[in-house]
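Biologist: Could you take me through one part of this model closely, beginning with a single residue and its surroundings, and then move on to the charged pairs and the cysteines?

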Amino acid sequence: MLSSIPMAEEADTVSSLLNALAINHSFLMSLSEGKEGKPLVVILVGAPGSGKTTFCNDVIRAARRTWTRICQDTIANGKAGTKAQCLQSAANALQEGKNVLIDRCNLELEQRSEFVKLGGARADVHAVVLDLPARVCISRSVQRTGHEGNLQGGKAAAVVNRMLQKKVLPNLNEGFSRITFCQNDDDVKTAVNTYSFLGLFDSLPPGIIGQKSADAKVQQGIMKFFKKVDTDGNCSQNSSAKREYVSQNSAAKNEYNENKPRPMGIEKGNEVGKDEQKNDMLRKPCVSDFQWNDAPTLAFPSISTSDFQFNMDKASDVIVEAVADFFSKFDKVKLILVDLSPKSKMLSLVKVKASKKNVDTTRFSTYAGDITRLYTGGGLHCNVIANASNCDTRWTTGDALEIATKEQADTISPGSSIIVPVPRTSPLNQREGVTYVIHVLGPNMNPQRPNCLKDDYVKGCKVLYEAYSSLFNNFASIALSQNYQKEYSGDSKYEPTKSVGKFFESVVECQPSSSEQKSKREVSYAKSNGDSGGLPRCFGMLEKEEQKSERSDHSAKSSWGSWAHALHQIAMHPEKHNRDVIEISDDFVVLNDLYPKAKKHILVTSRLPGLDCLADIGREHLQMLQKMHAAGLKWAEQFSSHDPSLVFRLGYHSVPSMRQLHLHVISQDFDSTHLRKKKHWNSFNTPFFRDSIDVQEEIKMNGLATIKEEKLLSSELRCHHCKSAHPNLPRLKYHIATCKAPFPAHLQNGQLVFALSGSSDAASYSCNGSEAWKCAKLENHLTQLTLICLLGVLTIN
Ligand code: AMP
C-alpha cells in the first residue's frame, strides 16, 4: 500500500497512469470499499482573485479521489447561500465518503473554525493558503468576468483590500493537520498536483509546507488609496497640499458633512471665513469669465515641465495651441489647467498666451490647487482629471489605479495617454466626482530620466503637442461615450447633472443615429484625429475593441463598424503586425485571436481582398478554403501535440463580426475569461458555427455555403458534450470544467481534431467518418488500460 506521498512527484507510475486515464471514481470506490484513507477537508484560504476556484477545479479535473467543491456563492442551487448550508453540504459529502474543498475566502479565524470542526474522526482537515500578492488578487478580481459571486470589476478592488486587512494566516493549533502556503503560481501548481494525485489510499504527512513568512503583511500602498472617506472628510495623502491650503480641510469638512455638493458657481460668498476666502481667491479659476454650466470638464496639470524639465515657455505655447485646436473641434467641453502652487509660472504664462490667442475663456481656465481635491477644495466639478505619468503619481493612483495603469502600460509611450476608470468606491470618485483619470506621458528633457530628448525641442514640442492632443481626445471620447451618464450613476456622492446628458444629446443630434451611421461617425472622428483608419485610438482606450465587436450584431454587413477592420488590416499588411501574426502565406495569415474564447484560439484569415464572410464564398475559392483548413489543422495538431488534452474544432461564424474571411481554430475547453456572453458561447456551439469541412463540402457540391440564422446566438446555453442546459454562463462554465461526457456523435465526423496520445511527439488527427472507428477503439483501449492498471493497483495493495 502506498503509505505517504510528501510531494506529487513521488506518486508511483500506476497512480499517474490511472490519473491520466480519468478513471471512473465510483467504480473505484466500490471496488476498494473499506480500504480508502480518511476523507479530506481542504479549506482554501485566500482573497478573492487568489485562485481558489481555479485551484478546486484543477484538483477536481485531474483528481483520483472524489472531491466536492463547497462554494457559498453557488451553494443554494447555484445561487449564493449561507455558511450553514456550506457546512451541511460539506458534512453530507463527507458522509458519502467524498473529499471536500471549501472554496471560501476563510481569511479570518472565525470564518474557518467551524469548517475545521468537520474534521476529527471522520476526516483530516488541511488548509491551502493562496497567499498571492495583493496586487495580483486585485488585478485578477477586477479583470474577471462572469464571477459566481459577481465580485468583479471596479468594486472588487476595495473588497479585496478590505478582506486582506483582516487576513489571519492559519496555524496548526486551529486544528489543521497540514497547511500548505502558496506564494506564487508555481506553488499553487505543486499544491494542485499534490491533491489531485492523491490516491484513495494515500495520505499526506502533517505539518506546514512552504511558509516563507509567518506574518505576511498587507501591502500598505493599497490601503492608502482605498482608505474610505473618513468622518472628517480628510482623505488627502498629499502633505504639501495640506501645507499650502491650511483651511482647505475645514471647508471640505463642511461640504462633506452637509453631504450635498456645492452649487456650480465658483463664488462661495460668505460661507467661509476670511482665511478661506483668501485661499478661495487662490483657488478660483484665474480667467474670470470661465463659466460653470456643468459641461464635461477635464482638469489637467502641465505635462513634462516639472520632473521632465521641459522649457516652460515652449510648453505654454504648446498648451495654448493644443487647447485652441481642441476647441475648434469640440464645443461644450471645458478644460482647466491646474497647478498646485498659486505662484505657478506655468499658470501665468498660459493665462497670458491664451488670452492673446483669444482662446475661449468661458471654456478654458487655470486654477491653483490640488487636482485631487477640486470639488471639496475648490467647488469645481471636474469629471475627468489627467495625471502626467512622469510626475510623482502617488497622489492619484494609489495601488489600485496603478495596477489598472500598469496593465495598459505598454500602450503608453511619450505623446500618448491612457484612460483608467476610477473605482466608484474610491474617494476620488465618491468625494470629488472624478470618474476617469487619464494618464499621459510627455517628452522628457531630463537626462536623469529615460528617453531624454537632449534639448531637441523640435521633436519635444511635437511630442508634447501629441501628448495634449491624445489627452484631450481621450477626454472627448469619454464625454462622447454612451456610457457617460451611466458612469455617473451608482452611489457616488457626486450627482450627475442634466447638462451632461444634454451635452451628449447635442453631439448625437448632429450625428446619424443608426449603428451603421455611428460607425461612420467613429471613422470620421478617427480621421479628424489624423488616424489613418481602424479604431480611433481614443475610443479604443475607453471602450475596448472587444466590446465594440461584441456590440456588433453579427448581421450581414453592408458596411462595417470601424472596429471590424482589424483582421482585414492584418491580412493586407501582416508585416506591420509582427506581434500578432504567427504564420504568413500568400493566401492567408494565421494570428492569435486577440480575445481568445478558449485556451487556444487562432484565426486563419484569408488575404483575398473583397472576401469578407461566408456569404462571399464561391466555387472559385475552394482551393483557398482547403489551404486555410490545412493551415488550421496543422496548428491544431501542433497545439494538441504539446497539450494532448486540447481538442479542436475548425469553422466559420455564419455571420462574422469582423470583416475578412477568417477560420476559427478553437480548442474545445472554452476555458477563457473572454468568453463572457451567451452569444460568445452560442457562436461556437450552435449550428451558427459552420464546420470548415462542411463548408468545403457545400461549396464543392453547391457553390454556396449555408448561413445559419443569428437567432441561434440567443439559444439556451447547452453543454457541448452532454447537451445539458444551464441557466447562465458561469454555471455552464462550471459544468464544462468537470463534464466528462464524450463529444456528441454529430461532431465525430471529422469536425474534431484530437491528439492521438499524450506523448509530445504524438500525431494528432481529425476523426472523420472512416476513422470514427478509431475513436471508439481508442476509447475502448483506454478503458481496457484503466482496468489493467486498476487491477495492478489492487494487486500491489
Ligand atoms: P467573428 O465573429 O467570426 O468575426 O470573430 C472575430 C474574432 O476576431 C473574435 O473571436 C475576436 O475575438 C477576434 N478579434 C477581434 N479583434 C481582433 C484583433 N484586432 N486581432 C485578432 N483578433 C481579433
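Modeller: The residue to begin with is H629, which sits in helix α25, a helix that spans residues 622-642. Please keep in mind throughout that this is a predicted model. With a relative accessibility of 14%, H629 falls below the 20% limit and is therefore classed as buried. Leaving aside residues up to four places away in sequence, H629 is in contact with L650, L663, S692, I693 and Q696.

Helix α25 also supplies one partner of a charged pair, since K627 and D587 are joined through their side chains by a salt bridge with an N to O distance of 3.0 Å. K627 belongs to helix α25 while D587 is in the loop between β13 (581-584) and β14 (588-592), so this salt bridge ties together parts that lie 40 residues apart in sequence. K627 has a relative accessible area of 38%, which lies between the 20% and 50% limits, and so K627 is partly exposed. D587, at 27% relative accessibility, is likewise counted as partly exposed.

As general background, side chains of opposite charge can pair when their charged atoms come close. In this model the count of salt bridges comes to 22, and among them is the pair formed by the side chains of R69 and D103, with 2.7 Å from N to O. Because R69 is in strand β2 (residues 67-70) and D103 is in the loop between β3 (99-102) and α5 (109-116), the pair connects parts that are 34 residues apart in sequence. Both R69 and D103 are buried.

A further salt bridge is made by E698 and R690, whose closest N and O atoms are 2.4 Å apart, and here too E698 and R690 are both buried. Salt bridges also join into a network, in which D313, D317 and K353 are linked.

Turning to the cysteines, a disulfide is in general a covalent bond between the sulfur atoms of two cysteines. The search over the whole structure finds 0 disulfides. Two of the cysteines can still be described by their accessibility: C182 has a relative accessible area of 0% and is accordingly buried, and C382, at 2% relative accessibility, also counts as buried.

To return to the starting point, helix α25 holds H629, which is buried, and also K627, which is partly exposed.

Note on methods. Residues numbered from 1 in each chain as written. Predicted model: local features only at pLDDT ≥ 70, side-chain atom pairs only at ≥ 80, totals over all residues. Heavy atoms only, no water. Helix = DSSP H or I, 4+ residues; strand = E, 2+ residues; numbered from the N terminus. Buried < 20%, exposed > 50% of the residue type's maximum accessible area, 1.4 Å probe, protein only. Contact = heavy atoms within 4.5 Å. Salt bridge = Lys/Arg side-chain N within 4 Å of Asp/Glu carboxyl O. Disulfide = S-S within 2.5 Å.
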